[in-house]
Number of protein chains: 2
Amino acid sequence: MIFRLNPASGHPLYLQLMEQVRHAVETGVLQDGDLMPSIRTLAEELVISHNTVAKAYMELQHEGLLELRHGSGAYISAPRSGKARAAKLLKAQTRVRSVVEDLLDDDFSADEIRRLFEAQLIHSTVSVRKP
Amino acid sequence: MIFRLNPASGHPLYLQLMEQVRHAVETGVLQDGDLMPSIRTLAEELVISHNTVAKAYMELQHEGLLELRHGSGAYISAPRSGKARAAKLLKAQTRVRSVVEDLLDDDFSADEIRRLFEAQLIHSTVSVRKP
DNA sequence: CATTCTGTACCAATACTGTGGTACAGTTTG
DNA sequence: CAAACTGTACCACAGTATTGGTACAGAATG
């Protein structure tokens, strides 16, 4: 697993790490039972404090996505998604890739694209969608 | 203009406000010369400190997006986009809306959708795209 | 059993964010 | 001119994020 953190993004590092682990699990890159790199090892790779990694791991444990075994390691804890879900995900990823690349080709910046999506998400989720 | 801030998002409020002003300008909702609400008025509407709004305004001024006139007000300062750009933008917004709503209908959460896009953006912009 | 790995738990220091308050200075309005 | 608006500039305070350090405790390995 390779994680890419951006210290200049203004986003807390431990949250960035959590997001990427979540996404890796959602996309099946990390699966139930997988052993995560140790806190110190990952901290060294990402050039951040071990405390920052520890915080991310603990938060993920609270979410039920990670199981921390003292002395042993950090293990992914997530039910494997069904075939239907996996198919939906694949379609979603393909579609997202297509849109993002087209927008980049149309000279929209990454930040502009983020804002377009963020604005749409805020607009589409102001109230409950599936009552 | 209506701005929606989310104090629980972990994103600094002044940055959220900046993003929304930027987006409003990019989409033409705010145009060159438009007068923004006064610092104190907007602070009251958003129920945040006037210092937070002032910080956002000053940062936007540094970016050249806003012109602060002492005693007068805060004025949008942005070249109006051409017709071609406006057309691109409209198509982009339509497409983004379509994808987001479909994903929401497919039971992806707003956060999952954010991660899908963020992962794609990170992946598509690791190096220069238009050399 | 001893070493070495693992997670866990502190602490002090620094920086950023946001608040609430006060005050000053420029512009507009009546 | 005077009042009421504007941006600007401080301050002290609390909360959070992150770092670097040290240390302890459980598990795996030889």
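## A salt bridge between chains

Arg115(B) and Glu26(A) form a salt bridge in which the closest N and O atoms are 2.7 Å apart; the term denotes a side-chain nitrogen of Lys or Arg within 4 Å of a carboxyl oxygen of Asp or Glu. Arg115(B) belongs to helix α5 (residues 110–124) of chain B and Glu26(A) to helix α1 of chain A, so the pair joins two chains. Arg115(A) and Glu26(B) also meet through their side chains in a salt bridge, at 2.7 Å from N to O. Over all chains the count is 18 salt bridges, and across the interface of chain A and chain B it is 10.

## Basis of the values

The model is predicted: local features need pLDDT of at least 70, side-chain atom pairs count only at pLDDT 80 or more, totals for chains, interfaces and linings use all residues, and side-chain values use heavy atoms, with hydrogens and water left out. Residues are numbered from 1 along each chain as its sequence is written, while chains are lettered from A and ligands numbered from 1 in the order in which they are written.

## Fold

Chain A contains five helices and three strands, where helices (H or I, at least four residues) and strands (E, at least two) are DSSP runs numbered from the N terminus. Along the sequence the pattern of chain A is α-β-α-α-β-β-α-α. Its C-alpha atoms fill a box of roughly 50 × 35 × 30 Å along the principal axes.

The strands of chain A make an open sheet in the order β1-β3-β2, with antiparallel pairing; two strands pair if DSSP finds at least two bridges between them. At the edges are β1 (35–36) and β2 of chain A, each pairing on one side only. β1(A) and β3(A) are joined in the antiparallel sense by two bridges, and Met36(A) has Ala74(A) in β3(A) as its bridge partner.

In chain B, strand β2 (residues 66–69) and strand β3 (residues 73–76) pair in the antiparallel sense over four bridges. Leu68(B) stands opposite Ala74(B) in β3(B). The two strands β2(B) and β3(B) form a hairpin with three residues between them, and Gly71(B) in the turn has a positive phi of about 90°.

## Interface of chains A and B

The size of an interface is often given as the accessible area lost when the parts come together. Chain A and chain B bury about 4,400 Å² between them, 60% of it on carbon and sulfur atoms; buried area is the accessible area (1.4 Å probe) that two parts lose on being put together, summed over both. Arg95(A), Arg115(A) and Leu121(A) supply 14% of the area that chain A buries against chain B, more than any other three residues. In terms of contact (heavy atoms within 4.5 Å), 43 residues of chain A meet 43 residues of chain B.

The interface has 16 residue pairs in polar contact, both residues at pLDDT 80 or more. A polar contact is a pair of N or O atoms within 3.5 Å; within protein, one must be able to donate a hydrogen and the other to accept it, and residues adjacent in sequence count only if both atoms are side-chain atoms. On the side of chain A that touches chain B, α1 (13–26), α4 (83–105) and α5 (110–124) of chain A each supply at least two residues. α4(A) gives the most to this side, with 16 residues. By class, the side has 16 nonpolar, eight polar and 19 charged residues; Ala, Val, Leu, Ile, Met, Phe, Trp, Tyr, Cys and Pro count as nonpolar, Asp, Glu, Lys and Arg as charged, and the others, Gly among them, as polar.

## DNA strand C

There are 27 residues around DNA strand C, of which Pro12(B), Leu13(B), Tyr14(B), Asn51(B) and Thr52(B) come nearest; a residue is near a strand if one of its heavy atoms lies within 4 Å of it. The largest share of this surface, four residues, comes from α3(B). Its classes are eight nonpolar, 15 polar and four charged residues.

Asn51(B) places a polar side-chain atom 2.4 Å from a base oxygen of DNA strand C. A side-chain N or O atom of Arg40(B) is 3.1 Å from a base nitrogen of the strand, and a polar backbone atom of Ser49(B) is 3.0 Å from a phosphate oxygen.

## DNA strand D

Of the 25 residues around DNA strand D, Pro12(A), Leu13(A), Tyr14(A), Asn51(A) and Thr52(A) come nearest. Sugar and phosphate account for 57% of the atoms of the strand that come within 4 Å of the protein. α3(A) supplies the largest share of the surface near DNA strand D, four residues.

An N or O atom in the side chain of Asn51(A) is 2.6 Å from a base oxygen of DNA strand D. From chain B, the side chain of Arg40(B) has an N or O atom 2.8 Å from a base oxygen of this strand, and that of Ser38(B) has one 3.2 Å from a phosphate oxygen.
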